[in-house]
Amino acid sequence: MRGQYYLSESPCCDCLVHCCCEHCALCQEYRELKHRGFDMHIGWHANMERQAQGGITPPAMQGGMTR
């Protein structure tokens, strides 16, 4: 998922996160996919088909810090 969506690997590597706190890592991945518009009830393949048809749009990027 990190490679597909160009997410940064910080503050530590994925292997360490999944080994030390698997539940937290899975919850974080679930929230990331849900934020990107995925419907967990229809499954991965149906979401990929929906994305290919243009039904899922990535979240808008927020600007940097401003004063």
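A helix here is a DSSP run of H or I at least four residues long, numbered from the N terminus, and lining residues are those with an atom within 4 Å of a point of the pocket. With those two ideas in hand, let us walk through this structure, which is a predicted model.

Start with the overall plan. The protein chain has four helices and zero strands, so that, following the numbering from the N terminus, its elements read α-α-α-α. The chain holds 67 residues, and 10% of them are buried. Its accessible surface comes to about 5800 Å², and carbon and sulfur atoms hold 57% of that area. What about contacts between distant parts of the sequence? Among contacts in the protein chain with a separation of 6 or more, 32% join residues 24 or more positions apart.

Now turn to the largest pocket, whose volume is about 370 Å³. It is lined by 15 residues, and those closest to its centre are Arg2, Ser8, Asp14, Gln28 and Glu29. By kind, the lining divides into six nonpolar, four polar and five charged residues. Two helices, α2 (14-20) and α3 (22-35), each supply at least two residues of this lining. Which helix gives the most to the lining of the largest pocket? That is α3, with four residues.

Since α3 plays that part in the lining, it is worth following along its length. This helix has 14 residues and reaches 20 Å from its first C-alpha to its last, close to the 20 Å expected at 1.5 Å a residue.

Just after α3 comes a residue to pause at: glycine 37 takes a positive phi of about 100 degrees. You will find glycine 37 in the loop between α3 and α4 (44-52). Is glycine 37 buried, partly exposed or exposed? Its relative accessibility is 30%, and because partly exposed covers the range between under 20% and over 50%, glycine 37 counts as partly exposed. Finally, look across to glutamine 51: this residue lies 14 residues from glycine 37 along the chain, and their C-alpha atoms are separated by 9.3 Å.

Methods. Residues are numbered from 1 along each chain as its sequence is written. This is a predicted model: local features need pLDDT of at least 70, side-chain atom pairs count only at pLDDT 80 or more; totals for chains, interfaces and linings use all residues. Side-chain values use heavy atoms; hydrogens and water are left out. On a 1 Å grid over the protein atoms alone, a cavity is a set of points where a 1.4 Å probe fits but cannot get out, and a pocket is an open set with protein on both sides within 12 Å along at least five of seven lines; lining residues have an atom within 4 Å of a point. Grid points are joined across faces, edges and corners, and a volume is the space filled by probe spheres set on the points. Ala, Val, Leu, Ile, Met, Phe, Trp, Tyr, Cys and Pro count as nonpolar, Asp, Glu, Lys and Arg as charged, and the others, Gly among them, as polar. Buried means under 20% relative accessible area, exposed over 50%, partly exposed in between (1.4 Å probe, protein chains only). Contact means heavy atoms within 4.5 Å. Accessible areas come from the Shrake-Rupley method with a 1.4 Å probe; for residues, only the protein chains shown count as cover. The expected span of a helix is 1.5 Å times one less than its number of residues.
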